[in-house]
Amino acid sequence: MALVMHINTFDFDLPQELIAQSAIKTRDESNLMVVSSSTESITHTQFKSIGDFLDSNCVLVLNNSKVFNARLIGEKYTSAQIEIFLTEQLTETSWKCLIKPLKRVSAGDIILFSNKLRGKIITKDTFSTISFEFSGNFFDIIDEIGLPPLPPYIKADDPKTFQESYQTTYAKHPGSIAAPTAGLHFTTPLINSLKAASIPIEMITLHVGYGTFQPIRVEKITDHEIHKERYYIDPQTASRLTKYKKEGKKIVSVGTTTTRTLETAFQPDNTLLSGSHSSDLFIYPGYKFKFVDAMITNFHLPKSSLFMLVCAFGGIDLLQQAYAQAIKNKYRFYSLGDAMLLI
C-alpha cells in the first residue's frame with residue numbers, strides 16, 4: 001500500500017525575519033550549506049567555495065531563463081487604471097493573466113499601456129486571457145514600460161533596483177515570472193573559475209510560471225497539482241548531457257527548475273528529450289531520481305512543493321536536521337536567501 005503523506009510532514013517553524021527581503025551585496029558571499037545524504041554530514045561555508053566540493057567529474061546544469069517585467073499598468077478608455085500580471089504565454093500575442101481590479105473589466109475591453117502596446121480582454125476569469133497589439137519586440141516594450149514581478153513577500157521600495165538583483169548573471173531567454181533563484185549566487189568570475197577547473201557548464205531553459213507562488217492547499221500532498229511550465233533543451237546540449245551521464249559524470253542541477261526539467265526530459269532509453277516541451281512533474285519523497293546526481297538550491301518555505309522536492313532528494317529526516325541548523329545559524333531563506341548543495 002502506498003504511503004499517504006500529509007502536508008504537515010513538511011512543516012517547520014520559520015522565523016519571519018529569516019525570509020530575505022533583499023539580496024546581499026556580493027552574490028557569491030552568501031552562505032552555503034553542504035549536505036551529504038550518504039554520510040549524513042552537514043558543512044557550513046560560503047558559496048564562493050563551491051568549487052571545493054566539485055571536480056572535473058561533475059557537470060553543472062543551469063537554467064538561463066530571464067525574468068521579464070510581467071506587471072503592466074494600463075488604462076481603459078474610461079481612464080480607469082488596470083493592472084495586468086502576465087502568467088503564461090499562449091501564442092505570439094496572447095497571454096493568460098491576472099487582472100486587478102477584475103470587477104472593473106469586461107470581455108472586449110481595450111487596455112492602453114503605451115503608444116506601442118495595447119491589449120484586448122478576451123476572457124474574464126480567475127486567470128483571464130488578453131490579446132496584445134504592439135509595434136516592435138514585445139519583450140523590449142514591456143521591459144521599458146513594465147514592472148518586475150515582485151514575489152508576494154517582498155516589499156521593495158524601488159522595484160527597478162530590485163530587478164537587477166532578481167536576475168541571474170547568465171539570464172538569456174525572457175519568459176519567467178520568478179527567477180531560478182539557485183543561480184543568483186553565481187558571479188561571472190566564479191563561473192569562469194569553475195570552467196577553468198575543467199567543470200563543464202551546460203544551459204537549459206525553463207520559464208518559471210505562476211505555480212511557483214502558489215501554496216499547497218490540500219492535506220494529502222498527492223492531491224496537489226503543479227502548473228505546467230514551458231522548457232527548452234537544445235539538441236546539442238541534450239546530446240552532450242546524455243554522453244556525460246553515460247560516461248559516469250555527476251550531473252549537478254542548479255535549482256529545482258533545472259532538476260524538474262532534466263527529470264521530465266529523461267527518456268526510457270537513457271537519453272534526454274530535446275526541443276520545446278512542458279513539465280508538470282511534482283517531485284516529493286518516494287520519487288526515484290533518474291538523471292540528477294546532486295543539486296544546488298535555496299532554502300524553501302514550510303509546506304512548499306520545493307521543500308518536498310529537496311526532501312525527496314536528501315531524505316525528510318536529514319533535511320529537517322539541515323533546516324534546523326540553518327534556522328539556528330540564521331541562514332537567509334527563500335528567493336534572495338542562502339544556498340544548499342545536496343550531494
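In the predicted model, His224 is in contact with Pro215, Ile216, Val218 and Phe282, when neighbours within four places in sequence are set aside. His224 is placed in the loop between β12 and β13. With a relative accessibility of 16%, this histidine counts as buried, because the limit for that class is under 20%. One of its contacts, Phe282, is 58 residues away in sequence, yet the C-alpha atoms of His224 and Phe282 are 8.4 Å apart in space.

The loop between β12 and β13 also contributes to an aromatic pair. Tyr210 lies in this loop, whereas Phe127 lies in the loop between β9 (117-123) and β10 (128-134), so the pairing of Phe127 with Tyr210 ties together parts that are 83 residues apart in sequence. The two ring centres are 5.5 Å apart and the planes meet at 80°, so the arrangement is edge-to-face. Neither ring belongs to a residue classed as buried: Phe127 is partly exposed, at 25% relative accessibility, and Tyr210 is partly exposed as well, at 24%.

In total, the structure holds 24 aromatic pairs. Another edge-to-face pair is made by Tyr323 and Phe333, because their ring planes stand at 80° and their centres are 5.6 Å apart. Tyr323 belongs to helix α7 (residues 316-328), and Phe333 to the loop between α7 and β17 (339-342), ten residues away. Both Tyr323 and Phe333 are buried. These two residues are also members of one aromatic cluster, together with Phe10, Phe12, Phe299, Phe307 and Tyr331.

Tyr323 and Phe333 appear again in the nonpolar interior. In soluble globular proteins, nonpolar side chains tend to be buried together. The largest nonpolar core of the model comprises 61 residues, and the members that touch the most others are Met33, Leu241, Tyr323, Phe333 and Met340. Helix α6 (residues 305-314) supplies the largest share of this core, with seven residues. The surroundings of Met340 illustrate how separate parts of the chain are brought into contact. Beyond neighbours within four places in sequence, the contacts of Met340 include Leu32, Met33 and Val35, as well as Met295, Ile296, Thr297 and Phe299. Leu319, Ala322 and Tyr323 are also among the contacts of Met340.

Helix α6 itself is mostly covered, as nine of its ten residues are buried. The buried residues are Ser305, Phe307, Met308, Leu309, Val310, Cys311, Ala312, Phe313 and Gly314. The partners against which they pack are α5 (256-265), β16, α7 and β17. Just after the helix, Gly315 adopts a positive phi of about 100°.

Charged side chains form a further group of interactions. Side chains of opposite charge can pair when their charged atoms come close. Nine salt bridges are found in a search of the whole structure. In one of them, the side chains of Asp109 and Lys76 meet with an N to O distance of 3.4 Å. Asp109 is located in the loop between β7 (94-100) and β8 (110-114), and Lys76 in the loop between β5 (71-75) and β6 (81-89), so this salt bridge ties together parts that are 33 residues apart in sequence. Asp109 and Lys76 are both buried.

A salt bridge also joins Lys96 to Glu88, where the closest N and O atoms are 3.8 Å apart. Lys96 counts as partly exposed at 33% relative accessibility, and Glu88 counts as partly exposed at 31%. In a further salt bridge, between Lys245 and Asp293, the closest N and O atoms are 3.0 Å apart. This pair links distant parts of the chain, since Lys245 is in helix α4 (residues 235-246) and Asp293 is 48 residues away in the loop between β15 (275-279) and β16 (294-298). Lys245 is partly exposed, with a relative accessibility of 24%, and Asp293 is likewise partly exposed, at 32%. In addition to this salt bridge, the charged end of Lys245 sits over the ring of Phe291, 5.6 Å from the ring centre.

Strand pairing is illustrated by β8 and β9. These strands run antiparallel and are joined by four bridges. Within the pairing, Leu112 has Arg118 of β9 as its bridge partner. The two strands form a hairpin, with two residues between them.

Terms used: Residues are numbered from 1 along each chain as its sequence is written. This is a predicted model: local features need pLDDT of at least 70, side-chain atom pairs count only at pLDDT 80 or more; totals for chains, interfaces and linings use all residues. Side-chain values use heavy atoms; hydrogens and water are left out. A salt bridge is a side-chain nitrogen of Lys or Arg within 4 Å of a carboxyl oxygen of Asp or Glu. Buried means under 20% relative accessible area, exposed over 50%, partly exposed in between (1.4 Å probe, protein chains only). A nonpolar core is a set of buried Ala, Val, Leu, Ile, Met, Phe, Trp, Tyr and Cys residues joined through side-chain atoms within 4.5 Å. Contact means heavy atoms within 4.5 Å. Rings of Phe, Tyr and Trp (its six-membered ring) pair if their centres lie within 6.5 Å; planes under 30 degrees apart count as stacked, over 60 as edge-to-face and the rest as tilted. A charge sits over a ring if NZ of Lys or CZ of Arg is within 6 Å of the ring centre and within 35 degrees of the ring normal. Two strands pair if DSSP finds at least two bridges between them.
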